[in-house]
Amino acid sequence: MSHTPAHAQSRPAGGPVARFLRSYYIYLVLVAVVVVLSAANLDRFDLFERGNFLNQNNIINILRISAPLLTLVGAFTLLMVSGYIDLSVGSAASLSAVVYALFAIHGLPFPVAFALTLVVGAGLGAINGILVVRLRITPVIATLITLSLYKGIALLLVEDGVSAIKSGGGLSMPDWFNSYGRIGVMLGLPAAFWVAVGVTLVLVVAQNRTLLGKYAAATGGNPTAARLSGINTGRIVFLLYVIVGMTAALAGIARSSFMSLGDPLSGDGMELSAILAVLIGGTAFAGGEGRVLRSFIGALIIMALTVGMLILVPAYFQTLLIGLALLAAAASNHLISRKEVVS
């Protein structure tokens, strides 16, 4: 049996070029995706003409519909960096969308409905934290349970005979309801997008400048060493679940506002998109390594491809391509995060 020398150190495998690509590949991929999608139909449309990917209205629309996922991936990244996962985020977003729509349709003003929905999201995250940290249920199992639980509650909150919370039956959505996710407030983009940017910036700072980010990485990298060094890993993980729940609520609000209704299925598949964005961004699935900003770029890549596929690929191929992309992301994630041992 071979042993690693005591003085050996690990560093990313490969030379300077490999290390450069490892650091900046996500930005190169985004540029490549934009170039390919914008060049795909140049035979029919000029570069910035309506119908081309780079048309201003198309870019605004992509960023607008990206707001829910962009809001979510930063907190999801920190949770995965800590070595944990939350598969219930899509259902939590759906439930939050329904709750937000119910608050709005029953006359609560925007600030109150918004704040109360965030409280609901924090509560949903806290439930996950209790199951994982206190009851020590495996994160995948615990959040699969709450995935079904939260979706079931969302469906129960919608009256029989209707598919979503929307105007009708003597009740109507207030005029402000779709402003958050649809109406441009700066550069043609709605408040939901700028909230996503703000949340991401806060989490970038938290990851790089606060104990939360350092402790999350320590917990995911070596939980035993983290506990022995005095870090309350359980408290860190619980807090991260609460933060993920709150960002899932923000995602639900953005989705509900954009759709102008509270759909109990609106968050379906969001957990897969979040995982894919985080893996594309280079976060190690086993924990200990990952960057919030890269996951944000990964989410942009996914949304750009999603919209691009609507134009270039038949609908029945899209699910297959998403599955292949997830497989490729997992494989590339493993290759990117490999370390080599040197003396």
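## Helix packing around α4, α5 and α10

In this predicted model, the axes of helix α4 (residues 110-134) and helix α10 (residues 233-259) approach to within 7 Å and cross at roughly 145°. The crossing of α4 past α10 is right-handed. On the α4 side the contact includes Phe 114, Leu 118, Gly 121, Gly 125, Ile 130 and Val 133. Residues of α10 that take part include Gly 234, Phe 238, Tyr 241, Gly 245, Met 246 and Ile 253. By class, the residues of this contact are divided as follows.

| Class | Residues in the α4 and α10 contact |
|---|---|
| Nonpolar | 15 residues |
| Polar | seven residues |
| Charged | no residues |

Helix α5 (residues 139-157) has 19 residues, which at 1.5 Å a residue should span 27 Å; its end C-alpha atoms are 26 Å apart, in agreement with that value. Buried positions in α5 are Pro 139, Ala 142, Thr 143, Thr 146, Leu 147, Tyr 150 and Ala 154. Viewed down the axis of α5, the buried residues fall within an arc of 145°, so they line one face of the helix. These buried residues pack against α3 (89-105), α4, α10 and α11 (270-280).

Gly 181 lies in helix α6 (residues 179-182). Gly 181 counts as buried because its relative accessibility is 3%, under the 20% cut-off. Leaving aside neighbours within four places in sequence, Gly 181 is in contact with Arg 64, Pro 190, Ala 192, Ala 254, Ser 257 and Phe 258. Of these partners, Ala 254 is 73 residues from Gly 181 in sequence, with a C-alpha to C-alpha distance of 5.2 Å.

Note on methods: Residues are numbered from 1 along each chain as its sequence is written. This is a predicted model: local features need pLDDT of at least 70, side-chain atom pairs count only at pLDDT 80 or more; totals for chains, interfaces and linings use all residues. Side-chain values use heavy atoms; hydrogens and water are left out. Axes are lines fitted to C-alpha atoms, for helices over the stretch in contact, and angles run from 0 to 180 degrees between N-to-C directions. Helices (H or I, at least four residues) and strands (E, at least two) are DSSP runs, numbered from the N terminus. A crossing is left-handed if the near helix is turned anticlockwise from the far one by less than a right angle, and right-handed if clockwise. Contact means heavy atoms within 4.5 Å. Ala, Val, Leu, Ile, Met, Phe, Trp, Tyr, Cys and Pro count as nonpolar, Asp, Glu, Lys and Arg as charged, and the others, Gly among them, as polar. The expected span of a helix is 1.5 Å times one less than its number of residues. Buried means under 20% relative accessible area, exposed over 50%, partly exposed in between (1.4 Å probe, protein chains only). The arc is that of the directions from the helix axis to the C-beta atoms.
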